[in-house]
Amino acid sequence: MALTRPLDLRGGRPCWRPEEADAAPSDDLAPDAAPDVAVIGAGVMGAMLAERLTREGRRVAVLDRRKPSLGATSASTALVMWAADTPLTHLAEQIGWERAARRWRRVHAAVQALDADIRALAIDCAWIARPELYLDGDLLDEAGLQGEAAARRRAGLPSAWLAAAEVGRRFDIPARPAILSGSAFEVDPVALTLGLLARAQARGASVTYPVDVVGLESGAHEVGVHLADGRVLRAGQVVLATGYEAARPALPGSFDLTSSFAIATAPGVAPRWGGNALIWEAAESYLYARATRDGRVIVGGEDEPFADPDRRDRLIPAKAERLARRGADLIGGGSLAPDCAWGATFGTSPDGLPALGPVRGQPRVWLASGFGGNGVSFARLGAELICGQLAGAPADADFSPYRFETEPQGAQAAS
C-alpha cells in the first residue's frame, strides 16, 4: 500500500506562538524492536492516539515527516465543539433519527472525556469552557433553528433556542436567532498536541521526525512500515493519522480537500462579546469567531473549493480584509485589525463526521481521519474507538456508524 504525498498544508502566519513548536518532544531514533502500534502522524489525532495507547500499556512508535504539530494542527482555530457541520435534523433525514442521534451523542461524550483527560494530565493548553452560539444562516433559518434545538434536546444534548432579541441582549452582538449550547471549549491546538506527545513519550513511546513513510506491507501477524531511507519498521498494528495528507486509497472518495482562511487580532482586544462564546453560523460556508486566552479575536471562514496551495496563499491578503470586515459585522463593536492571517487545507466529509476504522484489504491497518470542522473533538473520538478495537473490546454499538468502506471507483459512507 502506497502512503501519502507531501502537501503544503498552510500558508501565511497562524497566531499560535512559534516557540511552542520548539518545545516539541525530542527526536527519537526509529525503534529497533517492533512496537505494538505505529502511529503515522504527529498532529493532534496522532498525539491523542499515542497518549491513549501508552496509557493502556502499549509500546508505541510515532512517525512524522514534519516536526510534531506543524502540519494542519498548527493552522487550526480550535473551536472544540460537538455539533457537526451537518445539522442533526439534516443528518436524521439522510440516515434516520436513531443513527443520527447516536452519532451526535458519541461526539458530545468524546468532548467531555477530553475535558477530563486534559485536567487529569495537567496539560497547559488554554483549555477553557465556553458557551457555543449557532446563528441562523442558509442551512437553518429561524424556524429551522427552532427545530434543530428541539431535536438536540430530544437526543439529550445541551441546547436551547434563543430569539434574536435575547441573543443581542445576552451576548452584545447584532441580534440574530440562535441555538445556545453548553459543553464546548477553546484550546491552543499546538500546546495540546505537544502536551499529549510528551505524556506518551514519558511512558516509553518513541517520536521520530522527520521520517517519511512511503509504503505499508500487511502480513498475518505484523505490518512492514517502509521508510524512504530503505529501512523497514515492523509493527503489530498501524494507525494512519496523517490528517489531510490521508492515504487516498484508504480514504472514501466522498471526502474532499478545500481551503479555509483565518485572521487573529493582536492580544488584548477580547473580550468583545458576552461570555466569550464560540460563535458560528448555520451556513454552507460559515463564518465563525472566538477569543483566545491572551485576548486575541480569531475569525475564520471564507472557504474555497480547491486545495492548490499557491492559489490559496495568493488569496490570504484579500481574504484577511474580508474576514476583518465580515467579522466586525458578525460580532459588532467596531473594526478588527488583523495581526496574523493564514490559509490552510481543510477536509470535508459528506455528513460532517470523520472516517475511523479498519482499512479494507489491509489487515492490521487502521485509518483515523478527522475530516470535518471538529478536528480536536474527532481526534478524541478516534482515539477512543480505535484503541477500543485494538484492545479486543466487543463490537462497539457507537463504532459502527463511523466505519467506512472504500471502493475502486470511490466510496460511500457506511454504517
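**Exercises on a predicted model**

Both faces of strand β15 (residues 288-291) are covered, with Tyr288 and Arg290 buried on one side and Ala289 and Ala291 buried on the other. The exercises below refer to a predicted model.

**Exercise 1.** Determine which strands pair with β15, and in which sense.

*Solution.* Begin with strand β14 (residues 278-281), which pairs with β15 in the antiparallel sense over two bridges. Here tryptophan 280 has tyrosine 288 of β15 as its bridge partner. Six residues lie between β14 and β15 in the hairpin that they form. Next, take strand β16 (residues 297-304): four bridges link β16 to β15, again in the antiparallel sense. In β16, glycine 300 is the bridge partner of tyrosine 288. The hairpin of β15 and β16 has five residues between the strands, and glycine 295 in the turn shows a positive phi of about 85°.

**Exercise 2.** Identify the edge strands of the open sheet that contains β2 and β3.

*Solution.* Write down the order of the six strands, β8-β3-β2-β12-β19-β18, in which the pairing is mixed. β8 (206-208) and β18 (355-358) each have a single partner strand and therefore stand at the edges, with one side lacking a neighbour in the sheet. From one strand to the next, the twist averages 15°. Within this order, β2 (residues 37-40) and β3 (residues 60-63) run parallel and are joined by four bridges; valine 39 has valine 62 in β3 as its bridge partner.

**Exercise 3.** Establish whether glutamate 384 is buried or exposed, and list its surroundings.

*Solution.* Locate glutamate 384 in helix α10 (residues 375-390). Its relative accessible area is 19%, so glutamate 384 is buried, the cut-off being under 20%. Its side chain makes a polar contact with the side chain of arginine 380 (3.0 Å). Leaving aside neighbours within four places in sequence, glutamate 384 is in contact with Arg52, Arg106 and Ala110.

Definitions and conventions: Residues numbered from 1 in each chain as written. Predicted model: local features only at pLDDT ≥ 70, side-chain atom pairs only at ≥ 80, totals over all residues. Heavy atoms only, no water. Pairing = 2+ DSSP bridges. Axes fitted to C-alpha atoms, helices over the stretch in contact; angles between N-to-C directions. Buried < 20%, exposed > 50% of the residue type's maximum accessible area, 1.4 Å probe, protein only. Polar contact = N/O pair within 3.5 Å; in protein donor to acceptor, adjacent residues only side chain to side chain. Contact = heavy atoms within 4.5 Å.
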